[in-house]
Amino acid sequence: AQISSFETDIKVENVEGDSFHAVFIRAPGITRVGDGVSVLAKVEEEGGQEIVIGVENERIVALSFHPELTNDPRLHQYWIQKVQNFQQSAA
């Protein structure tokens, strides 16, 4: 589990463009991914082990980092599009 704050560039699935600058503030990694849940992002821990830091299912996005602390709007745009798509499919 991640216990210190740090920043690093990561690849986020389903988000176009270059890497995303991720800001972590004592955020835990995601230890288990269940059925119907897709991994959006991982980060490599010291020692080379990958830790899941972003997941989603049809209705929910969960992140271990803070996209609101960057000037990059892509994750927020992705989330808004996801909400709009869900609303349209539910109508």
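Is V83 buried, partly exposed or exposed? V83 counts as partly exposed, because its relative accessibility is 33%. Some notes from going through this one follow, bearing in mind that it is a predicted model.

1. **The patch on the helix.** V83 sits in helix α1, which covers residues 74-90. Together with W79 and I80, V83 makes a nonpolar patch on the surface, about 280 Å² in area. Have a look at these three side chains before turning to the inside of the model.

2. **The core.** Nonpolar side chains in soluble globular proteins tend to be buried together. Here the largest nonpolar core counts 14 residues. I10, V12, F20, I53, F65 and L75 are the ones with the most contacts inside this core. Two or more residues each come from β2 (20-24), β3 (38-44), β4 (50-56) and α1.

3. **L75 up close.** If you want one core residue to click on, try L75, which is on the list of those with the most contacts inside the core. Leaving aside residues up to four places away in sequence, L75 touches V12, V15, F20, L63, F65 and P67. Two of those partners, F20 and F65, turn up again in the aromatic cluster below.

4. **The stacked pair.** The model has 3 aromatic pairs. One of them joins F6 and F24, which are stacked with 4.5 Å from centre to centre and 10° between the planes. F6 belongs to strand β1 (residues 6-10) and F24 to strand β2, so to speak a link between distant parts of the chain, 18 residues apart. The two rings sit in unlike surroundings: F6 is partly exposed at 28% relative accessible area, whereas F24 is buried at 2%.

5. **The tilted pair.** F24 also pairs with F65, with ring centres 5.7 Å apart; the planes stand at 50°, so this pair counts as tilted. F65 is in the loop between β5 (61-63) and α1 while F24 is in strand β2, so the pair ties together parts 41 residues apart in sequence. F65 is buried too, with a relative accessible area of 4%. Taken together, F6, F20, F24 and F65 form one aromatic cluster.

6. **Salt bridges, part one.** Side chains of opposite charge can pair when their charged atoms come close. The whole structure has 3 salt bridges. In one of them the side chains of E50 and K42 meet at 3.7 Å, N to O. K42 is partly exposed, as its relative accessibility is 40%.

7. **Salt bridges, part two.** E56 and K82 form another salt bridge, with 2.9 Å between the closest N and O atoms. E56 is in strand β4 and K82 in helix α1, so this pair ties together parts that are 26 residues apart in sequence. Both E56 and K82 are buried. The bridge between R74 and D72 has its closest N and O atoms 2.6 Å apart, and both of these residues are buried as well.

8. **What surrounds E56?** E56 deserves a second look in the viewer, given that this strand β4 residue has a relative accessibility of 7% and so counts as buried. Not counting residues up to four places away in sequence, E56 touches N14, G36, V37, S38, L40, V61, Y78 and K82. For a distance check, the C-alpha atoms of E56 and A41 are separated by 9.9 Å, with their positions 15 residues apart along the chain.

9. **A backbone point.** N14, one of the residues touched by E56, lies in the loop between β1 and β2. Phi of N14 is near 70°, a positive value in a residue other than glycine. I'd flag N14 for anyone going through the backbone angles.

10. **Q77.** Back on helix α1, Q77 is partly exposed, its relative accessible area being 49%. The C-alpha atoms of Q77 and Q49 are 30 Å from each other, and the two residues are 28 apart along the chain.

Terms used: Residues are numbered from 1 along each chain as its sequence is written. This is a predicted model: local features need pLDDT of at least 70, side-chain atom pairs count only at pLDDT 80 or more; totals for chains, interfaces and linings use all residues. Side-chain values use heavy atoms; hydrogens and water are left out. Patches are made of residues with over 30% relative accessible area and no salt bridge: like charges are joined within 9 Å, nonpolar side chains (Val, Leu, Ile, Met, Phe, Trp, Tyr) within 5 Å. Accessible areas come from the Shrake-Rupley method with a 1.4 Å probe; for residues, only the protein chains shown count as cover. A salt bridge is a side-chain nitrogen of Lys or Arg within 4 Å of a carboxyl oxygen of Asp or Glu. Helices (H or I, at least four residues) and strands (E, at least two) are DSSP runs, numbered from the N terminus. Buried means under 20% relative accessible area, exposed over 50%, partly exposed in between (1.4 Å probe, protein chains only). A nonpolar core is a set of buried Ala, Val, Leu, Ile, Met, Phe, Trp, Tyr and Cys residues joined through side-chain atoms within 4.5 Å. Contact means heavy atoms within 4.5 Å. Rings of Phe, Tyr and Trp (its six-membered ring) pair if their centres lie within 6.5 Å; planes under 30 degrees apart count as stacked, over 60 as edge-to-face and the rest as tilted.
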